[in-house]
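Here is a set of questions about how structural terms are earned. Each answer sets a value against its definition.

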Amino acid sequence: MQRLASRITVTEKVSSSLRTIILKETPSSSSWLSIRCFSAFSSQQRVTEKEAIPGDLLKWGSLGFCRTSRFASGFKPLEPKPLDSIMDLNRSKNRSPEDLASIWDDYHLGRGHIGLTMKAKLYRLLEQRGSDCRYFVVPLWRGSGYTTMFGQVQLPYMLFTGLEDYKARGTQASPYFTASFYTEFAESKDLVLIHGDIVFTSKLTDEEAKWLLETTQSFYLNDVRYKLVECFNKEPRDFEFKDVLRALDMPIL
């Protein structure tokens, strides 16, 4: 037993040393994509978008959807720290995708930060479909009901806010949750790193934010589910929110 404990201690030390070598910052250090560095609705350098957010005013009235408004039309995040300021890219080249994914996950442990990874092929598909269909709505189940979240895919970023907040504030609605995608290892290791920031921890838990991001991705990456995204963006009069509920095995209230 003592010998086993000794091996575990050595393994932990090696693992910790590996993370220290590759990562230039620790999870406890200042956030590299902090709230104060994320002005998602800055009035400066507004992004011009000719298209209005899809949705039929009559059909979406019950959800508070407004066709004439744009979510995140002013989205202009300040530059996050580049990946090479966090991770030693030269040393990382010698590590396997599995090692890097594990280190990335450990780096994001802590309230308000989500770390995920995805295959480069899936990222390219998400990028392609996101450029064609930027918006979608996802129900977030809570207790005996759900809260409807409104998302925008604008890679290398994704943003989420509550549909009710969007209804009340329009383009001034603040994002609850933002995600940034890093593609430095896409070609060499078939790996894309994802960093998520929960802007308002009172609005979303870590588990809810992770579920929201993964579920939204599933609607863009799954061919059957993507038909709902296409309908929402291109044929909003035919879109039925209950179809999203069915896809997620949620009751229709």
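Q: What is the order of the six strands in the open sheet?
A: The order is 1-6-5-4-3-2, with antiparallel pairing. Strands are DSSP runs of E, at least two residues long, and helices are runs of H or I, at least four, both numbered from the N terminus. Two strands pair if DSSP finds at least two bridges between them. This is a predicted model, where local features need pLDDT of at least 70, side-chain atom pairs count only at pLDDT 80 or more, and totals for chains, interfaces and linings use all residues. Residues are numbered from 1 along each chain as its sequence is written, and side-chain values use heavy atoms, leaving out hydrogens and water.

Q: Why is one side of strand 1 and of strand 2 left without a neighbour in the sheet?
A: Strand 1 (113-118) and strand 2 (135-142) stand at the edges. Each has a single partner strand, so one side stays without a neighbour in the sheet. From one strand to the next, the twist averages 20°.

Q: How do you know that strand 3 and strand 4 pair?
A: Count the bridges. Strand 3 (residues 145-154) and strand 4 (residues 157-162) share six, in the antiparallel sense. The definition asks for at least two, so they pair. Met149 has Gly162 as its bridge partner in strand 4.

Q: Which strands does helix 4 touch?
A: Helix 4 (residues 120-132) touches strand 1, strand 3, strand 4, strand 5 (177-182) and strand 6 (192-198). Contact means heavy atoms within 4.5 Å. The direction of helix 4 makes about 105° with that of strand 1. Such angles run from 0 to 180 degrees between N-to-C directions, with axes fitted to C-alpha atoms, for helices over the stretch in contact.

Q: How do you know that the span of helix 4 agrees with its 13 residues?
A: The expected span is 1.5 Å times one less than the number of residues. For helix 4 that gives 18 Å. Its end C-alpha atoms are 19 Å apart, which agrees.

Q: Why is Leu100 called buried or exposed?
A: Buried means under 20% relative accessible area, exposed over 50%, and partly exposed in between (1.4 Å probe, protein chains only). Leu100 has 1%, so Leu100 is buried. This residue is in helix 3 (residues 97-107). Leaving aside neighbours within four places in sequence, its contacts include Met87, Phe185 and Leu191. Leu100 and Leu191 are 91 residues apart in sequence, yet 8.9 Å apart in space, C-alpha to C-alpha.

Q: What makes Leu213 buried or exposed?
A: Its relative accessible area is 0%, so Leu213 is buried. Leu213 lies in helix 7. Not counting residues up to four places away in sequence, Leu213 touches Leu116, Met158, Phe160, Phe177, Ala179 and Ile194.

Q: Why are the rings of Trp104 and Tyr107 called stacked or tilted?
A: Rings of Phe, Tyr and Trp (its six-membered ring) pair if their centres lie within 6.5 Å; planes under 30 degrees apart are stacked, over 60 edge-to-face, the rest tilted. The centres of Trp104 and Tyr107 are 6.1 Å apart and the planes are at 25°, so the pair is stacked. Both residues are in helix 3, about one helical turn apart.

Q: What makes the pair Tyr220 and Tyr226 tilted or stacked?
A: Their centres are 6.2 Å apart and their planes at 45°, so the pair is tilted.

Q: How do you know that the charged end of Arg129 sits over the ring of Tyr226?
A: The rule asks for NZ of Lys or CZ of Arg within 6 Å of the ring centre and within 35 degrees of the ring normal. The charged end of Arg129 sits over the ring, 4.4 Å from its centre. Arg225 lies over the face of Phe219, at 4.9 Å.
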